[in-house]
Amino acid sequence: MTSATTPVSRTWVLRRRICIATILVCLPYTLLKVAWLSGWSVGASTEGFTDTTRVANGVTAGLDLAAIVLAIAFVAGWGRRIPAFLMAFPAWIATGLLAPVAMGFLIGTPLQLATGGGNPFTGDEVLSPWVFGIVYGGFVLQAALLLPGFVLHARERWPVVTGGGLAAGGAGATQVLQLVLGWFLIVAAVAFAGLQLSWAIQGGGSHPDPNTPTRTMFAGAALAAVAAAVATGGLLRGGSLTRMRLVLIWLGSGITFTNVLNESLRNVATEAGGWGASSASAGEKTLFLFILLGTLGGAIGGAMRLVEEERGSTDVARRVTLSS
């Protein structure tokens, strides 16, 4: 009896610890944003506070609060009663937002220090150096905690999908539509990868003169998008939904969608030439729209595949039961 329940107990303890740790690492960033929204310009110059940046601070504070709620939902009993879309979509967005920052911080910062480029987080005309540590360090820790927390939740809730999918027939009745939407994702991911590589070389978007961590972030995002396109191509050729394909598509599509959405929102909400504004050209802004639509379509097709995989496993189990 003890040996049968011990793994479950250990998993539950791990999930609870991840939840608590996620809340703790989210609090400094959230409190900093609340301070700024309250008019306390701690760690920032008053010139950096405009109506646009206040709205942006409100949105990002809301996102961090959402991350806290999501972390709790991963372990709470009521989390399993939340519709799958309302759990998976925020986790997908969080993956896309946090993974590139973690790559840039963990790989790009040592590269810049090693090549004599100096400390990339020494502050600027608006923010103090310690603010960069709280913000980017917090993002890295959130990525290291939220994503495993979601994986443990998903393994319990969707065991077939996270276990490697069905050996055959996983596409189900919506296979033709999945095929069309999958090609949308491939085209969008390749276009995004080309754009990110261009920015990694010469700068662009909201980083016209990127430092080494930012260039690393762009290059990592491009690599993730290409990997997602390759993995999607394997599925479209009749391959099974292996764990590796699932991870690559999840990561690459999430990064593609959230990065382009972020740049698009900057174009809409920030004045040209203002702090944090995007320097994207008219052609790039048009490309953003096509990438967003293509990635969203691909995500819908991917969701169909996940539903079909779980449904297919239920049908197989029912046939086995009837035959016995």
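Read from the N terminus, the elements of this predicted model go α-α-α-α-α-α-α-α-α, so to speak a plain run of helices: nine of them, with zero strands. The protein has 324 residues, and 44% of these count as buried. Contacts reach a good way along the chain: among those with a separation of 6 or more, 77% link residues 24 or more positions apart.

On confidence, the mean pLDDT comes out at 85, with 85% of the residues at 70 or more. Two stretches fall short. Residues 1-6 have pLDDT below 50, and the model gives this stretch zero contacts beyond near neighbours in sequence. Residues 315-322 stay under 50 as well, again with zero contacts beyond four places in sequence. Where pLDDT is low, the predicted coordinates are not something to read in detail.

Now to the packing around H3. A pair of packed helices is described by the angle between the two axes and the distance between them. For H3 (residues 84-114) and H4 (residues 129-157), the axes come within 8 Å and cross at roughly 145 degrees, and the crossing is left-handed. On the H3 side the contact takes in Ala-84, Met-87, Ala-88, Ala-91, Thr-95, Leu-98, Val-101, Ala-102, Phe-105 and Leu-106. H4 meets these with residues including Tyr-136, Phe-139, Val-140, Leu-146, Leu-147, Phe-150, His-153 and Arg-157. By class, the residues of this contact split into 16 nonpolar, four polar and one charged.

H3 also packs against H7 (residues 212-236), with axes that come within 7 Å and cross at roughly 130 degrees. That angle makes H3 and H7 oblique to each other, and their crossing is right-handed. From H3, the residues in contact are Pro-100, Val-101, Met-103, Gly-104, Ile-107, Gly-108, Thr-109, Leu-111 and Gln-112; from H7, they are Thr-212, Pro-213, Thr-216, Met-217, Gly-220 and Ala-221. Eight of the residues in the contact of H3 with H7 are nonpolar and seven are polar, with no charged ones. Val-101 turns up in the H3 contact with H4 and also in the one with H7.

Past H7, the chain enters the loop that leads to H8 (243-269), and Gly-238 sits in this loop. Gly-238 has a relative accessible area of 63% and is therefore exposed. Its C-alpha atom lies 10.0 Å from that of Leu-179, a residue 59 positions away from Gly-238 along the chain.

Note on methods: Residues numbered from 1 in each chain as written. Predicted model: local features only at pLDDT ≥ 70, side-chain atom pairs only at ≥ 80, totals over all residues. Heavy atoms only, no water. Axes fitted to C-alpha atoms, helices over the stretch in contact; angles between N-to-C directions. Helix = DSSP H or I, 4+ residues; strand = E, 2+ residues; numbered from the N terminus. Parallel < 35°, antiparallel > 145°, perpendicular 65-115°, else oblique. Left-handed = near helix turned anticlockwise from the far one by under 90°. Contact = heavy atoms within 4.5 Å. Nonpolar A, V, L, I, M, F, W, Y, C, P; charged D, E, K, R; others polar. pLDDT = per-residue confidence, 0-100. Buried < 20%, exposed > 50% of the residue type's maximum accessible area, 1.4 Å probe, protein only.
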